[in-house]
Amino acid sequence: MRFKASLEFAEKMDAKDPLKKFRKQFHFPLHKGKKAIYFCGNSLGLQPKQTAKAFKQELKDWKTLAIGGYSGARNPWLFYHENFKKPLSKMMGCRQHEVTVMNALTVNLHLLLLSFYRPAGDRYKIIMEAGAFPSDQYAAETQVTFYGYHPGDAIIEIAPRKGEKILRTEDIIKTIENNKDAVALALLGGINYYTGQLYNIKAITEAAHNAGAMAGYDLAHVAGNVPMELHKWDADFAVWCSYKYLNAGPGAASGVYINARHAHNKNKGRLGGWWGNAEKTRFKMEKGFKPKPNVDGWQVSTAQVFNMVALKASLEMFEKAGIKTLRKKSVQLSGYLEFLLQQIHNIKFEIITPADPLQRGAQLSLYFKGKGKEIHQELTNKGIIVDYREPGVIRVAPAPLYNSFKEVYKFYEIVKAFE
Ligand SMILES: *Cc1c(COP(=O)(O)O)cnc(C)c1O
């Protein structure tokens, strides 16, 4: 695609965008009475207009049916999590019985670590990316400590080479190979929240399995952003949240994938609760936990319906748009942003996100030596909502479902005018 740095070009791209109708279906925050330019969908996605209607429906069913809503609501609450299997299985590239929704992201990470991080003998180490999202770091740190290990010994962090900002796949694989008798689990992000780098899940999973280890992923920045093939790649487990690209609102319930090989294994260790037990025997209130023979066997508590309503409404839009079409637009949109940023010479910054579209999602991370915070403030004053992460990085994430090429162009004009 040949890009041009002109408003006319951006408008032309918008006119032929097959997803353009979705933009109107979102609420935007305002700046001086006009829609702000919102490139922060990697932190908190915007609210779809149909979300309020979906909440009203559940409130009505609760009001009129009360307990009867578990089986009689328009979307029976007893099986509420089943609404997500089809759309999420397509997005994540897995089977329907491998994917579910429950709890929150870090909670699920802990639950799955209990099943998939089984330290024993010399094999007790977790391999992670250096600078993983803090919640993931804390989860790994407290898990290894829980088993009596020292984090400095039990957690191996892979860092970029000197003078580099992103990880090389070969270094990730080499680290796994070099620790093949000690590694119990490779635990990586899908996309690193800071650099925007998308990891090669297929290659990492293969290396982990060759080393006799499990491979698990935090896909918080991937879900709704980049299509996955988790089953084909044979990943053991993955977790993600629903409030970033999935637009399901602050703290929305989290997604979980568990490979069929484990999901069907009723003897796989886990912490159980009644929602993981088959509906048929759940209400007999008997002794003896009998997990469902699929990922839902990891459910613990009653489906948190009001924490999932917005996700249901939002996934209907993803179903209509199609993750592959979204990805296609996203590659162009972020590519256009990159192209325009390369025309800017008045301020100094470096795009640390990989230039290869196969190694990134929607987000580009701009590294400003020293002045990042001031520039972030100036952008905010001009009605551009992006976020700043220490040290020195402004993350710009145009979301293909609601952002336009024109907004990317306007962002460029504003940055270009900076002193
Ligand atoms: C956003 C994010 C989280 C947040 O976890 P919560 O439990 O939802 O607060 C954790 N890990 C990563 C990689 C994230 O991007």
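Student: In this predicted model, why is Trp62 called exposed?

Tutor: Trp62 has a relative accessible area of 51%, and the label exposed applies over 50%, so Trp62 meets the cut-off. Trp62 lies in helix H2, residues 50-65, and together with Leu59 and Phe306 forms a nonpolar patch on the surface, with about 310 Å² of accessible area together.

Student: What makes Arg74 count as exposed?

Tutor: The relative accessibility of Arg74 is 62%, and because exposed means over 50%, Arg74 is placed in that class. Arg74 sits in the loop between helix H3 (69-72) and helix H4 (85-92), and a positive surface patch is formed by Arg74 with Lys21, Lys53, Lys60 and Lys320.

Student: How do you know that Lys125 and Asp153 meet in a salt bridge?

Tutor: Their side chains come to 3.3 Å, N to O, and the rule asks for a nitrogen of Lys or Arg within 4 Å of a carboxyl oxygen of Asp or Glu, so the pair qualifies. The pair links distant parts of the chain, with Lys125 in strand S7 and Asp153 in helix H7, 28 residues apart.

Student: Why is Lys125 called buried, and why is Asp153 called partly exposed?

Tutor: Lys125 has 15% relative accessibility, and buried means under 20%, so Lys125 counts as buried; Asp153, with a relative accessible area of 34%, falls in between the cut-offs of 20% and 50%, and is therefore partly exposed.

How values were computed:
Residues numbered from 1 in each chain as written. Predicted model: local features only at pLDDT ≥ 70, side-chain atom pairs only at ≥ 80, totals over all residues. Heavy atoms only, no water. Patch = residues over 30% accessible without salt bridge, like charges linked within 9 Å, V, L, I, M, F, W, Y side chains within 5 Å. Areas by Shrake-Rupley, 256 points an atom, 1.4 Å probe, with all protein chains shown as cover. Helix = DSSP H or I, 4+ residues; strand = E, 2+ residues; numbered from the N terminus. Buried < 20%, exposed > 50% of the residue type's maximum accessible area, 1.4 Å probe, protein only. Lys, Arg positive; Asp, Glu negative; His and termini not counted. Charge placed at Lys NZ, Arg CZ, Asp CG, Glu CD.
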